[in-house]
Number of protein chains: 2
Amino acid sequence: MAKVIPRYKAIKVYLEEGIRSRQFLPDQQVPTEMALAERFEVSRMTANKAIQELVADGVLVRHQGLGTFVAEVRAQSSLLEIRNIADEIGDRHHVHSSELHRLEAVEVDATTGFRLGLKEGMPAFHSLIVHRENGVPIQLEDRYVNAAIAPDYISQDFNRQTPSQYLSERFPLSEVEHIVEAIGSDSQIQQLLEIDASEPCLQVNRRTWSQGRLISCARLIHPGSRYRLSSRSGG
Amino acid sequence: MAKVIPRYKAIKVYLEEGIRSRQFLPDQQVPTEMALAERFEVSRMTANKAIQELVADGVLVRHQGLGTFVAEVRAQSSLLEIRNIADEIGDRHHVHSSELHRLEAVEVDATTGFRLGLKEGMPAFHSLIVHRENGVPIQLEDRYVNAAIAPDYISQDFNRQTPSQYLSERFPLSEVEHIVEAIGSDSQIQQLLEIDASEPCLQVNRRTWSQGRLISCARLIHPGSRYRLSSRSGG
DNA sequence: TGTATATATTTGTATATACAATTGATTGCC
DNA sequence: GGCAATCAATTGTATATACAAATATATACA
């Protein structure tokens with residue numbers, strides 16, 4: 001049952017192993033396409049394919065006329081994925097529920113307007129929703145939406161579908177900004193999330209764009225004791 | 001000076017535009033390699049190259065025998081990069097400084113041992129460093145290192161080089177785990193970071209592996225008012 | 001009816017080739 | 001020495017071709 005692996009993959013493995021084992025060091029040149037082609041007895045295009053895939057992965061960098069080099073190490077960095085809360089809870093096979101506390105048309109103040117890319121006094125929609133995981137409050141979603149772009153937002157039933165789901169269906173996501181910080185809480189947050197004043201909160205500020213237009217900005221506030229962002233990214 | 005763009009790139013743009021403008025919807029099939037080759041009057045391999053790059057970017061998915069399809073939208077998710085603090089400060093053209101408060105050999109307790117993958121009582125090194133940006137405390141680095149793997153750790157001069165830099169040079173990073181949460185602070189944290197008791201903190205738990213071995217685990221604690229994680233990922 | 005079998009379509013892999021573009025090194029000239 | 005032209009090495013782009021592998025559909029058969 002030994003499956004034959006494609007020849008270009010053998011070359012990929014060779015290069016990856018060489019990098020992993022520090023035989024090829026960062027910024028150092030790896031064998032040229034021709035050298036690999038000869039060593040593995042393949043055509044230059046096959047060696048090219050192996051290299052191109054590693055370039056796409058950010059493992060190698062190439063300079064025309066110079067050669068192919070091991071990409072610099074990205075120090076000790078990794079990527080944290082921030083996800084939709086309902087999907088996240090669903091993936092844990094837990095029960096997601098939500099309460100709509102507010103859904104209203106407003107005129108934005110200077111601060112919110114700035115965040116939404118609107119002038120003060122322009123119309124927006126505001127929603128305030130508490131998301132629960134197995135009945136426990138886990139996220140307070142405080143969202144503003146550009147009313148000119150999403151006029152139907154105010155007439156949605158957000159007990160059926162989360163704002164996040166509604167927006168991503170209608171406005172294909174082209175760009176997202178996230179800012180994560182630790183904050184304290186005011187009495188409204190404490191009441192809605194059922195926490196006491198001493199509990200720090202994790203706040204994710206999320207702004208979403210679709211086709212170049214700023215659609216929405218949301219403050220997603222989580223009780224520090226009940227929510228963490230985690231990631232494990234292997235190499 | 002109008003630069004000629006490669007033909008395969010024209011095909012990429014065509015497909016990307018079609019997806020952006022919702023002419024090609026998620027899960028829907030896009031033209032086959034042959035169809036694209038005929039429409040753009042190029043060889044099949046050139047169309048293939050355009051498609052392969054979009055597959056590498058996660059924009060398209062392919063199934064042999066079936067066709068090429070627009071990848072599902074990745075809901076409202078994005079990736080946050082967590083970086084080395086010294087590099088981060090350097091990139092902002094600010095001044096990084098650090099104070100070593102502790103560097104000692106210890107026998108791990110049950111909790112730390114569990115996190116480091118060691119049995120209780122086994123040897124580890126412990127370091128405690130405050131990192132400052134332009135003189136202001138911005139990170140408390142509380143790190144444990146597997147002594148069996150990095151026996152030289154204890155004899156390093158961490159005023160010259162951060163533990164992060166030392167470790168990443170000697171142990172090429174193969175895997176990183178991050179857990180981000182909001183926490184309160186105890187009196188030691190308050191004193192070292194020069195904050196008061198009411199200030200919430202952002203804690204990043206980082207564990208690093210090299211060639212399958214767990215090298216180190218660190219608690220990186222930041223004052224909530226002085227530090228945030230941010231990302232803006234375009235599509 | 002249900003089950004093999006063949007067939008058409010499409011992507012996957014691989015080759016051999018050609019010429020362009022970029023870069024660094026060398027050479028020749030003043 | 002300084003400068004321009006040339007050259008060699010290497011990657012970038014593109015073609016035409018071939019056969020393999022996977023999939024869905026159509027066909028033949030029991």
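# A walk through two chains and two DNA strands

Let's start with a single pair: S97(A) has R132(A) as its bridge partner in strand β6(A). Strand here means a DSSP run of E at least two residues long, while helices are H or I runs of at least four, both numbered from the N terminus. What you are looking at is a predicted model, in which local features need pLDDT of at least 70, side-chain atom pairs count only at pLDDT 80 or more, and totals for chains, interfaces and linings use all residues. Residues are numbered from 1 along each chain as its sequence is written, with chains lettered from A and ligands numbered from 1 in the order in which they are written.

Back to that pair. The strand that holds S97(A) is β5 (residues 96–107) of chain A, and it pairs with β6 (residues 123–133) of chain A in the antiparallel sense, over 11 bridges; two strands count as paired when DSSP finds at least two bridges between them. Next, β6(A) runs antiparallel to β7(A), joined by 10 bridges. L128(A), for instance, has D142(A) as its bridge partner in β7(A). β6(A) and β7(A) make a hairpin with two residues between the strands, where N134(A) takes a positive phi near 50°.

Keep following the strands and you reach β10(A). β7 (residues 136–146) of chain A pairs with β10(A) over six antiparallel bridges, and E141(A) has L220(A) as its partner there. On to β9 (residues 201–210) of chain A, which is joined to β10(A) by 10 bridges, again antiparallel. S210(A) sits opposite R213(A) of β10(A). β9(A) and β10(A) form a hairpin too, with two residues between them, and Q211(A) in the turn has a positive phi of about 50°.

Why call β10(A) largely enclosed by the rest of the structure? Because eight of the 11 residues in this strand (residues 213–223) are buried. A residue is buried if 20 or more other C-beta atoms lie within 10 Å of its own, exposed if 12 or fewer, and partly exposed in between, with C-beta atoms placed from the backbone.

Now hop over to chain B. Q211(B) lies in the loop between β9 (201–210) and β10 (213–223) of that chain. With 15 other C-beta atoms within 10 Å, Q211(B) is partly exposed. Q211(B) and S174(B) are 37 residues apart in sequence, yet their C-alpha atoms are 6.0 Å apart in space.

Chain A also has an open sheet of three strands, in the order β1-β3-β2, with antiparallel pairing. Its edge strands, β1 (29–30) and β2 (60–63), each pair on one side only. Two bridges join β1(A) to β3(A), and Q29(A) of chain A has F69(A) as its partner in β3(A).

How do the two chains meet? Contact means that the C-beta atoms of two residues, placed from the backbone, lie within 7 Å. By that rule, 44 residues of chain A are in contact with 44 residues of chain B. On the chain A side, β4 (78–82), α6 (163–170), β8 (175–183), β9 and β11 (229–234) each supply at least two residues, and the largest share, nine residues, comes from β8(A). The copies meet through the same surface, because 98% of the interface residues of chain A are also interface residues in chain B.

Chain A can be laid on chain B with an RMSD of 0.4 Å by a turn of 179° and a shift of 0.1 Å along the axis. The two copies are therefore related as by a two-fold rotation axis. The superposition is by least squares on C-alpha atoms of residues with pLDDT of at least 70 in both.

Finally, the DNA. A residue is near a strand of it if its C-beta atom, placed from the backbone, lies within 6 Å. Around DNA strand C there are 22 residues, of which P6(A), R7(A), V42(A), T46(A) and G65(A) come nearest. Two or more residues apiece come from α1 (7–20) and α3 of chain A, and from α2 (33–40), α3 and β3 (67–70) of chain B. The largest share, three residues, comes from α3(A).

DNA strand D is also surrounded by 22 residues, with P6(B), R7(B), V42(B), T46(B) and G65(B) the closest. Here α3(B) gives the largest share of the surface, three residues.
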